[in-house]
Amino acid sequence: MLKIKVKKFSELNIEELYQLLQLRSEVFVVEQDCVYQDIDGKDKNALHVIGYKQNRVVAYTRIFKPGDYFNFASIGRVVVAKNERQFKYGYDIMNASIKAIETNYNTTEIKISAQCYLKRFYNNLQFFEVGDEYLEDGIPHIGMLRKV
């Protein structure tokens with residue numbers, strides 16, 4: 001079972017920060033073979049939604065209030081450890097992120113920049129495509145919006 005916590009950057013301890021950066025690097029840089037600047041200076045402004053299993057970070061997102069990243073609230077850096085995806089933790093961490101946006105930012109309008117191959121996953125969470133596909137860090141992406 002996934003235990004989920006929402007923390008400000010200043011509330012992260014060194015071990016949590018190390019684990020979440022390690023997970024992001026494992027998936028976005030190594031697994032997806034994409035060289036890009038993950039540490040982009042935006043983590044300080046985000047709320048961090050962290051999924052723990054046996055005290056290890058296995059799922060993660062960062063969320064932003066409207067205007068910080070897009071005009072709408074947003075969710076980014078959505079990641080689940082490869083050996084944990086079979087448990088569908090992507091849905092757990094995304095649902096917790098949506099709830100955290102509703103609670104902390106008092107909005108249900110959320111925009112994401114999604115990797116195109118995950119459109120169906122995000123459709124299942126009531127996100128729908130807006131605009132045309134584009135390349136971000138060499139990977140096809142699409143803007144997606146959730147208005148409930």
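Which residue lies over the face of Tyr 52? Lys 5 does, at 5.4 Å from the ring centre. The model is predicted.

A second lysine takes part in a similar arrangement. The charged end of Lys 111 sits over the ring of Phe 70, 4.8 Å from the ring's centre. Phe 70 also has an aromatic partner. Tyr 69 and Phe 70 form an edge-to-face pair. Their centres are 4.9 Å apart, and their planes meet at 90°. How exposed are these two rings' residues? Tyr 69 is partly exposed, with a relative accessible area of 31%. Phe 70 is partly exposed too, at 21%.

Now turn to Phe 121 and Tyr 122. They form another edge-to-face pair, 4.9 Å centre to centre, with 70° between the planes. Phe 121 is buried, with a relative accessible area of 16%. Tyr 122 is buried as well, at 5%. Both belong to one aromatic cluster, together with Tyr 91 and Phe 127. The count of aromatic pairs in the structure comes to seven.

The cysteines come last. How many disulfides does the structure hold? It holds zero. Cys 34 is in no disulfide, and the nearest cysteine sulfur, that of Cys 116, is 14 Å away. Why is Cys 116 not bonded to Cys 34? A disulfide needs the two sulfur atoms within 2.5 Å, so at 14 Å the sulfur of Cys 116 is too far from that of Cys 34 for a bond. Cys 34 is buried, with a relative accessible area of 6%. Cys 116 is buried too, at 12%.

How values were computed
Residues numbered from 1 in each chain as written. Predicted model: local features only at pLDDT ≥ 70, side-chain atom pairs only at ≥ 80, totals over all residues. Heavy atoms only, no water. Buried < 20%, exposed > 50% of the residue type's maximum accessible area, 1.4 Å probe, protein only. Phe/Tyr/Trp six-rings, centres within 6.5 Å; stacked < 30°, edge-to-face > 60°. Lys NZ or Arg CZ within 6 Å of the ring centre and 35° of its normal.
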